[in-house]
Amino acid sequence: MSTDDATDGEQHDEEAGRADEPLLALEDVEVHYDTGTGIERYLSDKRVKAVDGVNLELEENDIVVLVGESGCGKTTLGKSAVGLERPTGGAVKYRGQDIWEAKDHPRGADIEFREIRRAMQIIHQDPANALNASRRVRAILADPLKKYRTELGPQEREETIYRYLEYVDMTPAEDYADRYPHQLSGGEKQRITLGRALLMNPDVILADEAISALDVSLRVEMMDLILDLQETFDTSYVFISHDLANARYLAKRAGGRIAIMYLGNIVEIGGPDEVIQNPSHPYTEVLRWSTPSMDPDVAMERIKEKPPVRRIDVPDPQDPPSGCAFHPRCTKAREACAAEDPELYDAEETEAACFRALDNHEYWSSQELEDAEGSGTAELGVGD
Ligand code: SF4
(Lines give C-alpha, C1' and ligand atoms only; values in the text may rest on other atoms or scores of the structure.)
Protein backbone atom coordinates (compact mmCIF):
# COMPACT_ATOMS: atom_id res chain seq x y z
CA MET A 1 0.00 0.00 0.00
CA SER A 2 1.39 3.45 -0.85
CA THR A 3 1.87 6.24 1.69
CA ASP A 4 -1.36 7.90 0.49
CA ASP A 5 -3.35 4.73 0.94
CA ALA A 6 -1.79 4.10 4.35
CA THR A 7 -3.01 7.59 5.32
CA ASP A 8 -6.46 6.58 4.14
CA GLY A 9 -6.22 3.56 6.41
CA GLU A 10 -5.50 5.83 9.38
CA GLN A 11 -8.66 7.77 8.51
CA HIS A 12 -10.67 4.56 8.99
CA ASP A 13 -9.15 4.07 12.46
CA GLU A 14 -10.01 7.59 13.55
CA GLU A 15 -13.58 7.13 12.38
CA ALA A 16 -13.84 3.80 14.17
CA GLY A 17 -12.77 5.49 17.38
CA ARG A 18 -15.67 7.96 17.30
CA ALA A 19 -18.11 5.63 18.95
CA ASP A 20 -18.44 2.11 20.13
CA GLU A 21 -21.07 1.44 17.49
CA PRO A 22 -21.33 -0.97 14.56
CA LEU A 23 -20.08 0.41 11.26
CA LEU A 24 -23.60 0.15 9.86
CA ALA A 25 -26.83 -0.72 11.67
CA LEU A 26 -30.22 -1.23 10.07
CA GLU A 27 -32.89 -1.00 12.74
CA ASP A 28 -36.36 -2.22 11.84
CA VAL A 29 -35.98 -0.74 8.34
CA GLU A 30 -39.13 -0.47 6.22
CA VAL A 31 -39.53 0.73 2.65
CA HIS A 32 -43.22 0.77 1.74
CA TYR A 33 -44.43 2.21 -1.58
CA ASP A 34 -47.83 3.65 -2.46
CA THR A 35 -49.27 1.95 -5.51
CA GLY A 36 -51.21 3.40 -8.46
CA THR A 37 -50.82 6.82 -10.04
CA GLY A 38 -52.40 10.24 -9.51
CA ILE A 39 -55.53 10.27 -7.34
CA GLU A 40 -55.45 6.44 -7.14
CA ARG A 41 -52.38 6.77 -4.98
CA TYR A 42 -54.34 8.58 -2.32
CA LEU A 43 -57.51 6.54 -2.59
CA SER A 44 -55.84 3.14 -2.46
CA ASP A 45 -54.79 1.78 0.91
CA LYS A 46 -52.58 -0.81 -0.75
CA ARG A 47 -48.85 -0.46 -0.32
CA VAL A 48 -46.00 -2.60 -1.55
CA LYS A 49 -43.85 -3.61 1.39
CA ALA A 50 -40.56 -3.82 -0.49
CA VAL A 51 -38.66 -4.03 2.80
CA ASP A 52 -40.61 -4.77 5.95
CA GLY A 53 -38.82 -4.48 9.27
CA VAL A 54 -35.23 -5.62 8.63
CA ASN A 55 -32.54 -5.58 11.32
CA LEU A 56 -28.94 -6.07 10.25
CA GLU A 57 -25.52 -4.99 11.47
CA LEU A 58 -22.29 -4.74 9.53
CA GLU A 59 -18.90 -4.52 11.23
CA GLU A 60 -15.56 -3.32 9.89
CA ASN A 61 -14.22 -5.55 7.12
CA ASP A 62 -17.48 -7.49 7.03
CA ILE A 63 -19.37 -9.07 4.14
CA VAL A 64 -23.06 -9.85 3.88
CA VAL A 65 -24.49 -11.35 0.69
CA LEU A 66 -28.23 -10.73 0.22
CA VAL A 67 -29.80 -13.56 -1.79
CA GLY A 68 -33.36 -14.04 -3.03
CA GLU A 69 -35.72 -14.19 -5.99
CA SER A 70 -36.47 -11.13 -8.16
CA GLY A 71 -38.73 -8.72 -6.31
CA CYS A 72 -37.80 -9.96 -2.82
CA GLY A 73 -36.53 -6.49 -1.84
CA LYS A 74 -32.79 -7.17 -1.83
CA THR A 75 -31.86 -4.20 -4.05
CA THR A 76 -34.16 -1.84 -2.11
CA LEU A 77 -32.65 -3.04 1.17
CA GLY A 78 -29.11 -2.64 -0.22
CA LYS A 79 -29.85 0.90 -1.40
CA SER A 80 -31.35 1.76 2.00
CA ALA A 81 -28.25 0.40 3.69
CA VAL A 82 -25.95 2.80 1.82
CA GLY A 83 -28.22 5.84 1.99
CA LEU A 84 -29.48 5.78 -1.60
CA GLU A 85 -33.08 5.02 -0.61
CA ARG A 86 -34.80 6.73 2.30
CA PRO A 87 -36.66 4.20 4.43
CA THR A 88 -40.31 4.89 5.25
CA GLY A 89 -39.74 3.45 8.72
CA GLY A 90 -36.91 2.48 11.07
CA ALA A 91 -33.36 3.84 10.97
CA VAL A 92 -30.06 3.33 9.16
CA LYS A 93 -27.08 4.30 11.30
CA TYR A 94 -23.49 4.83 10.21
CA ARG A 95 -21.16 4.57 13.23
CA GLY A 96 -24.17 5.38 15.44
CA GLN A 97 -25.29 8.40 13.38
CA ASP A 98 -28.75 8.16 11.80
CA ILE A 99 -27.86 9.03 8.22
CA TRP A 100 -31.17 10.74 7.36
CA GLU A 101 -31.05 12.75 10.58
CA ALA A 102 -27.59 13.91 9.46
CA LYS A 103 -29.12 15.08 6.16
CA ASP A 104 -32.22 16.72 7.64
CA HIS A 105 -30.63 18.21 10.77
CA PRO A 106 -26.95 18.79 9.94
CA ARG A 107 -26.32 20.99 12.99
CA GLY A 108 -27.08 18.21 15.44
CA ALA A 109 -25.17 15.51 13.56
CA ASP A 110 -21.96 13.96 14.89
CA ILE A 111 -20.99 12.94 11.34
CA GLU A 112 -21.73 15.15 8.32
CA PHE A 113 -23.98 13.74 5.62
CA ARG A 114 -21.27 14.52 3.06
CA GLU A 115 -18.85 12.31 4.99
CA ILE A 116 -21.46 9.53 5.12
CA ARG A 117 -21.98 9.84 1.34
CA ARG A 118 -18.25 9.42 0.80
CA ALA A 119 -18.09 6.44 3.11
CA MET A 120 -20.79 4.52 1.24
CA GLN A 121 -20.33 3.65 -2.42
CA ILE A 122 -22.10 1.46 -4.96
CA ILE A 123 -21.03 -0.76 -7.84
CA HIS A 124 -23.94 -1.25 -10.24
CA GLN A 125 -24.89 -4.34 -12.18
CA ASP A 126 -24.34 -2.78 -15.59
CA PRO A 127 -21.01 -0.94 -15.75
CA ALA A 128 -21.81 0.43 -19.23
CA ASN A 129 -24.63 2.54 -17.79
CA ALA A 130 -22.58 3.56 -14.78
CA LEU A 131 -19.81 5.16 -16.88
CA ASN A 132 -20.22 8.33 -18.95
CA ALA A 133 -19.61 7.16 -22.53
CA SER A 134 -18.33 10.57 -23.68
CA ARG A 135 -15.54 10.87 -21.10
CA ARG A 136 -12.16 9.21 -20.89
CA VAL A 137 -11.34 6.97 -17.93
CA ARG A 138 -8.99 9.68 -16.59
CA ALA A 139 -11.84 12.21 -16.42
CA ILE A 140 -14.26 9.67 -14.95
CA LEU A 141 -11.85 8.91 -12.10
CA ALA A 142 -10.82 12.54 -11.60
CA ASP A 143 -14.38 13.67 -10.72
CA PRO A 144 -14.67 12.04 -7.28
CA LEU A 145 -11.11 13.12 -6.42
CA LYS A 146 -11.91 16.75 -7.26
CA LYS A 147 -15.00 16.56 -5.09
CA TYR A 148 -13.72 14.68 -2.05
CA ARG A 149 -9.92 15.00 -2.11
CA THR A 150 -9.52 18.66 -2.77
CA GLU A 151 -6.06 18.68 -1.22
CA LEU A 152 -4.68 16.90 -4.30
CA GLY A 153 -3.11 19.01 -7.05
CA PRO A 154 -3.28 17.97 -10.74
CA GLN A 155 -0.04 15.98 -10.60
CA GLU A 156 -0.99 14.08 -7.42
CA ARG A 157 -4.46 13.47 -8.82
CA GLU A 158 -2.96 11.94 -11.96
CA GLU A 159 -0.66 9.72 -9.89
CA THR A 160 -3.58 8.63 -7.70
CA ILE A 161 -5.64 7.70 -10.77
CA TYR A 162 -2.77 5.57 -12.13
CA ARG A 163 -2.27 3.91 -8.76
CA TYR A 164 -5.93 2.93 -8.50
CA LEU A 165 -5.97 1.64 -12.08
CA GLU A 166 -3.07 -0.60 -11.06
CA TYR A 167 -5.01 -1.76 -8.00
CA VAL A 168 -7.77 -3.03 -10.29
CA ASP A 169 -5.19 -4.71 -12.59
CA MET A 170 -5.53 -2.26 -15.48
CA THR A 171 -2.00 -1.82 -16.70
CA PRO A 172 -0.35 0.02 -18.31
CA ALA A 173 -2.41 2.57 -16.35
CA GLU A 174 -1.52 5.48 -18.67
CA ASP A 175 -2.97 3.54 -21.61
CA TYR A 176 -6.24 2.70 -19.86
CA ALA A 177 -6.59 6.26 -18.50
CA ASP A 178 -6.74 7.53 -22.08
CA ARG A 179 -9.52 5.20 -23.21
CA TYR A 180 -13.26 5.81 -23.51
CA PRO A 181 -15.69 3.26 -22.01
CA HIS A 182 -16.53 1.82 -25.44
CA GLN A 183 -12.85 0.89 -25.81
CA LEU A 184 -13.10 -1.37 -22.75
CA SER A 185 -14.50 -4.89 -22.33
CA GLY A 186 -17.37 -5.54 -19.88
CA GLY A 187 -14.92 -6.83 -17.27
CA GLU A 188 -12.64 -3.80 -17.70
CA LYS A 189 -15.59 -1.41 -17.33
CA GLN A 190 -16.55 -3.13 -14.08
CA ARG A 191 -12.96 -2.78 -12.87
CA ILE A 192 -13.20 0.96 -13.51
CA THR A 193 -16.39 1.20 -11.44
CA LEU A 194 -14.66 -0.75 -8.65
CA GLY A 195 -11.62 1.55 -8.83
CA ARG A 196 -13.88 4.62 -8.80
CA ALA A 197 -15.69 3.35 -5.69
CA LEU A 198 -12.38 2.63 -3.92
CA LEU A 199 -11.05 6.11 -4.74
CA MET A 200 -13.53 7.42 -2.18
CA ASN A 201 -11.82 5.32 0.49
CA PRO A 202 -15.27 3.96 1.42
CA ASP A 203 -16.18 2.01 4.53
CA VAL A 204 -19.06 0.18 2.84
CA ILE A 205 -19.59 -0.77 -0.81
CA LEU A 206 -22.91 -2.02 -2.12
CA ALA A 207 -22.19 -4.39 -5.02
CA ASP A 208 -25.56 -4.82 -6.71
CA GLU A 209 -25.32 -7.97 -8.88
CA ALA A 210 -21.88 -6.58 -9.77
CA ILE A 211 -20.70 -9.71 -11.54
CA SER A 212 -23.90 -11.04 -13.08
CA ALA A 213 -23.43 -9.09 -16.35
CA LEU A 214 -19.95 -10.62 -16.86
CA ASP A 215 -19.15 -13.79 -18.76
CA VAL A 216 -19.17 -16.79 -16.46
CA SER A 217 -15.41 -17.25 -17.03
CA LEU A 218 -14.71 -13.74 -15.67
CA ARG A 219 -16.92 -13.91 -12.60
CA VAL A 220 -14.53 -15.75 -10.30
CA GLU A 221 -11.67 -13.46 -11.41
CA MET A 222 -13.76 -10.39 -10.55
CA MET A 223 -14.92 -11.84 -7.22
CA ASP A 224 -11.29 -12.62 -6.32
CA LEU A 225 -10.20 -9.08 -7.22
CA ILE A 226 -12.97 -7.55 -5.10
CA LEU A 227 -12.07 -9.74 -2.14
CA ASP A 228 -8.32 -9.09 -2.48
CA LEU A 229 -8.97 -5.35 -2.48
CA GLN A 230 -11.34 -5.70 0.46
CA GLU A 231 -8.36 -6.80 2.53
CA THR A 232 -6.15 -4.02 1.13
CA PHE A 233 -8.66 -1.25 1.84
CA ASP A 234 -10.44 -2.67 4.92
CA THR A 235 -13.79 -2.18 3.24
CA SER A 236 -17.06 -3.87 4.16
CA TYR A 237 -19.39 -5.08 1.43
CA VAL A 238 -23.09 -5.68 0.99
CA PHE A 239 -23.32 -7.94 -2.05
CA ILE A 240 -26.61 -8.60 -3.82
CA SER A 241 -26.91 -11.84 -5.71
CA HIS A 242 -29.64 -14.11 -7.05
CA ASP A 243 -27.09 -16.91 -7.31
CA LEU A 244 -26.48 -19.05 -4.24
CA ALA A 245 -23.25 -20.49 -5.67
CA ASN A 246 -21.69 -17.02 -6.09
CA ALA A 247 -22.99 -15.98 -2.67
CA ARG A 248 -21.30 -18.98 -1.11
CA TYR A 249 -18.00 -18.28 -2.86
CA LEU A 250 -17.95 -14.64 -1.73
CA ALA A 251 -19.07 -15.26 1.84
CA LYS A 252 -16.86 -18.30 2.35
CA ARG A 253 -13.66 -16.70 1.08
CA ALA A 254 -14.23 -13.57 3.15
CA GLY A 255 -15.59 -15.21 6.30
CA GLY A 256 -18.89 -13.38 5.78
CA ARG A 257 -22.58 -14.21 6.05
CA ILE A 258 -25.37 -15.04 3.65
CA ALA A 259 -28.78 -13.43 4.28
CA ILE A 260 -31.72 -15.04 2.50
CA MET A 261 -34.55 -12.61 1.65
CA TYR A 262 -38.19 -13.39 0.98
CA LEU A 263 -40.95 -10.80 0.38
CA GLY A 264 -39.14 -7.90 2.04
CA ASN A 265 -37.62 -9.73 4.98
CA ILE A 266 -34.48 -11.62 5.90
CA VAL A 267 -35.73 -15.14 6.62
CA GLU A 268 -32.38 -16.81 7.31
CA ILE A 269 -28.87 -15.55 8.01
CA GLY A 270 -25.63 -17.25 8.91
CA GLY A 271 -22.29 -18.51 7.68
CA PRO A 272 -22.23 -19.81 4.08
CA ASP A 273 -21.72 -23.49 4.92
CA GLU A 274 -24.38 -23.40 7.63
CA VAL A 275 -26.97 -21.63 5.45
CA ILE A 276 -26.37 -23.79 2.40
CA GLN A 277 -25.60 -27.19 3.89
CA ASN A 278 -27.88 -27.13 6.91
CA PRO A 279 -30.61 -24.54 6.31
CA SER A 280 -33.31 -24.13 8.92
CA HIS A 281 -35.77 -22.17 6.76
CA PRO A 282 -37.82 -24.09 4.18
CA TYR A 283 -37.37 -21.25 1.67
CA THR A 284 -33.58 -21.63 1.82
CA GLU A 285 -34.13 -25.27 0.92
CA VAL A 286 -36.09 -24.12 -2.14
CA LEU A 287 -33.26 -21.84 -3.24
CA ARG A 288 -30.75 -24.62 -2.69
CA TRP A 289 -32.90 -27.04 -4.68
CA SER A 290 -33.22 -24.57 -7.58
CA THR A 291 -29.47 -23.87 -7.80
CA PRO A 292 -28.10 -25.72 -10.86
CA SER A 293 -25.63 -28.45 -10.06
CA MET A 294 -22.43 -29.01 -12.05
CA ASP A 295 -22.68 -32.72 -11.25
CA PRO A 296 -24.73 -34.34 -14.08
CA ASP A 297 -25.99 -37.15 -11.81
CA VAL A 298 -27.25 -34.66 -9.23
CA ALA A 299 -28.81 -32.54 -12.01
CA MET A 300 -30.66 -35.61 -13.38
CA GLU A 301 -31.92 -36.54 -9.92
CA ARG A 302 -33.21 -33.00 -9.41
CA ILE A 303 -35.27 -33.19 -12.61
CA LYS A 304 -37.07 -36.22 -11.18
CA GLU A 305 -37.61 -34.61 -7.75
CA LYS A 306 -40.73 -32.74 -6.75
CA PRO A 307 -39.90 -29.06 -5.97
CA PRO A 308 -39.91 -28.44 -2.20
CA VAL A 309 -42.77 -25.92 -2.48
CA ARG A 310 -46.55 -26.28 -2.46
CA ARG A 311 -46.97 -23.46 -5.00
CA ILE A 312 -44.51 -22.06 -7.51
CA ASP A 313 -46.09 -18.58 -7.74
CA VAL A 314 -44.76 -15.82 -5.48
CA PRO A 315 -47.63 -14.03 -3.65
CA ASP A 316 -48.62 -10.49 -4.68
CA PRO A 317 -46.44 -8.10 -2.61
CA GLN A 318 -49.40 -5.66 -2.52
CA ASP A 319 -51.44 -8.30 -0.79
CA PRO A 320 -48.99 -10.44 1.16
CA PRO A 321 -50.20 -13.53 3.02
CA SER A 322 -51.11 -13.31 6.69
CA GLY A 323 -48.71 -14.65 9.30
CA CYS A 324 -45.53 -16.13 7.84
CA ALA A 325 -45.35 -14.72 4.30
CA PHE A 326 -43.98 -18.04 3.05
CA HIS A 327 -46.84 -20.18 4.40
CA PRO A 328 -48.85 -20.53 1.13
CA ARG A 329 -45.78 -22.12 -0.48
CA CYS A 330 -44.20 -23.87 2.49
CA THR A 331 -44.36 -27.65 2.59
CA LYS A 332 -44.02 -27.57 6.39
CA ALA A 333 -46.81 -25.02 6.99
CA ARG A 334 -49.35 -25.48 9.79
CA GLU A 335 -52.29 -23.37 10.90
CA ALA A 336 -50.15 -21.42 13.37
CA CYS A 337 -48.05 -20.20 10.42
CA ALA A 338 -51.04 -18.36 8.91
CA ALA A 339 -51.80 -16.58 12.18
CA GLU A 340 -48.43 -15.22 13.36
CA ASP A 341 -45.44 -13.61 11.68
CA PRO A 342 -42.19 -15.28 12.81
CA GLU A 343 -39.11 -13.26 13.80
CA LEU A 344 -35.53 -14.40 13.33
CA TYR A 345 -34.85 -17.05 16.00
CA ASP A 346 -31.69 -18.91 16.89
CA ALA A 347 -31.96 -22.11 14.88
CA GLU A 348 -29.64 -25.09 14.68
CA GLU A 349 -26.70 -23.38 12.98
CA THR A 350 -28.22 -20.13 11.69
CA GLU A 351 -30.90 -17.62 12.58
CA ALA A 352 -34.18 -18.42 10.84
CA ALA A 353 -37.63 -16.81 10.72
CA CYS A 354 -39.48 -20.10 11.18
CA PHE A 355 -41.45 -21.44 14.15
CA ARG A 356 -39.80 -24.82 13.67
CA ALA A 357 -36.71 -23.31 15.29
CA LEU A 358 -38.64 -22.96 18.58
CA ASP A 359 -39.13 -26.11 20.65
CA ASN A 360 -42.21 -24.88 22.47
CA HIS A 361 -44.09 -22.92 19.83
CA GLU A 362 -47.77 -23.74 19.28
CA TYR A 363 -46.79 -24.58 15.69
CA TRP A 364 -45.99 -28.10 16.85
CA SER A 365 -49.52 -28.74 18.14
CA SER A 366 -51.44 -26.99 15.35
CA GLN A 367 -52.97 -28.66 12.29
CA GLU A 368 -51.02 -29.18 9.09
CA LEU A 369 -52.28 -27.06 6.23
CA GLU A 370 -53.87 -28.85 3.31
CA ASP A 371 -51.27 -30.45 0.99
CA ALA A 372 -48.37 -29.67 3.36
CA GLU A 373 -46.07 -32.65 3.50
CA GLY A 374 -46.16 -33.20 7.23
CA SER A 375 -44.25 -32.11 10.23
CA GLY A 376 -41.17 -34.30 10.09
CA THR A 377 -38.84 -32.92 12.72
CA ALA A 378 -35.64 -34.68 11.74
CA GLU A 379 -34.27 -31.88 9.57
CA LEU A 380 -34.29 -29.27 12.30
CA GLY A 381 -33.83 -31.57 15.24
CA VAL A 382 -36.66 -29.92 17.19
CA GLY A 383 -40.20 -30.99 17.76
CA ASP A 384 -43.08 -31.89 20.01
S1 SF4 B 1 -43.11 -20.51 10.02
FE2 SF4 B 1 -44.35 -22.14 9.11
S3 SF4 B 1 -44.82 -21.44 7.01
FE4 SF4 B 1 -43.16 -20.17 7.79
S5 SF4 B 1 -41.34 -21.19 7.06
FE6 SF4 B 1 -41.72 -22.01 9.10
S7 SF4 B 1 -42.97 -23.85 8.80
FE8 SF4 B 1 -43.00 -22.69 6.88
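**Exercise 1. Determine how the residues of the shell around the ligand divide into nonpolar, polar and charged.**

Solution. The structure is a predicted model, in which local features need pLDDT of at least 70, side-chain atom pairs count only at pLDDT 80 or more, and totals for chains, interfaces and linings use all residues. Residues are numbered from 1 along each chain as its sequence is written, and side-chain values use heavy atoms, with hydrogens and water left out.

Step 1. List the shell, taking residues with a heavy atom within 4 Å of the molecule: His 281, Pro 282, Cys 324, His 327, Cys 330, Lys 332, Ala 333, Cys 337, Cys 354, Phe 355, Arg 356 and Tyr 363.

Step 2. Assign the classes: Ala, Val, Leu, Ile, Met, Phe, Trp, Tyr, Cys and Pro are nonpolar, Asp, Glu, Lys and Arg are charged, and the others, Gly among them, are polar. The result is eight nonpolar, two polar and two charged residues.

**Exercise 2. Describe the aromatic pairs that involve Phe 326 and Tyr 262 or Tyr 283.**

Solution. Step 1. Fix the criterion: rings of Phe, Tyr and Trp (its six-membered ring) pair if their centres lie within 6.5 Å, with planes under 30 degrees apart stacked, over 60 edge-to-face and the rest tilted. The whole structure holds ten aromatic pairs.

Step 2. Tyr 262 and Phe 326 have ring centres 5.1 Å apart and planes at 80°, so this pair is edge-to-face. Because Tyr 262 belongs to strand β9 (residues 257-262) and Phe 326 to the loop between α15 (296-304) and α16 (335-339), the pair ties together parts 64 residues apart in sequence. Helices (H or I, at least four residues) and strands (E, at least two) are DSSP runs, numbered from the N terminus.

Step 3. Tyr 283 and Phe 326 are also edge-to-face, at 5.4 Å centre to centre and 65° between the planes. This pair links Tyr 283 in helix α14 (residues 282-290) with Phe 326, 43 residues apart.

**Exercise 3. Classify Tyr 283, Phe 326 and Glu 59 as buried, partly exposed or exposed.**

Solution. Step 1. Apply the cut-offs: buried is under 20% relative accessible area, exposed over 50%, partly exposed in between (1.4 Å probe, protein chains only).

Step 2. Tyr 283 has 0% relative accessibility and therefore counts as buried. Phe 326, at 2%, is likewise buried.

Step 3. Glu 59, with a relative accessible area of 40%, is partly exposed. Glu 59 lies in the loop between β2 (47-58) and β3 (63-67), and its C-alpha atom is 5.1 Å from that of Leu 23, 36 residues apart along the chain.
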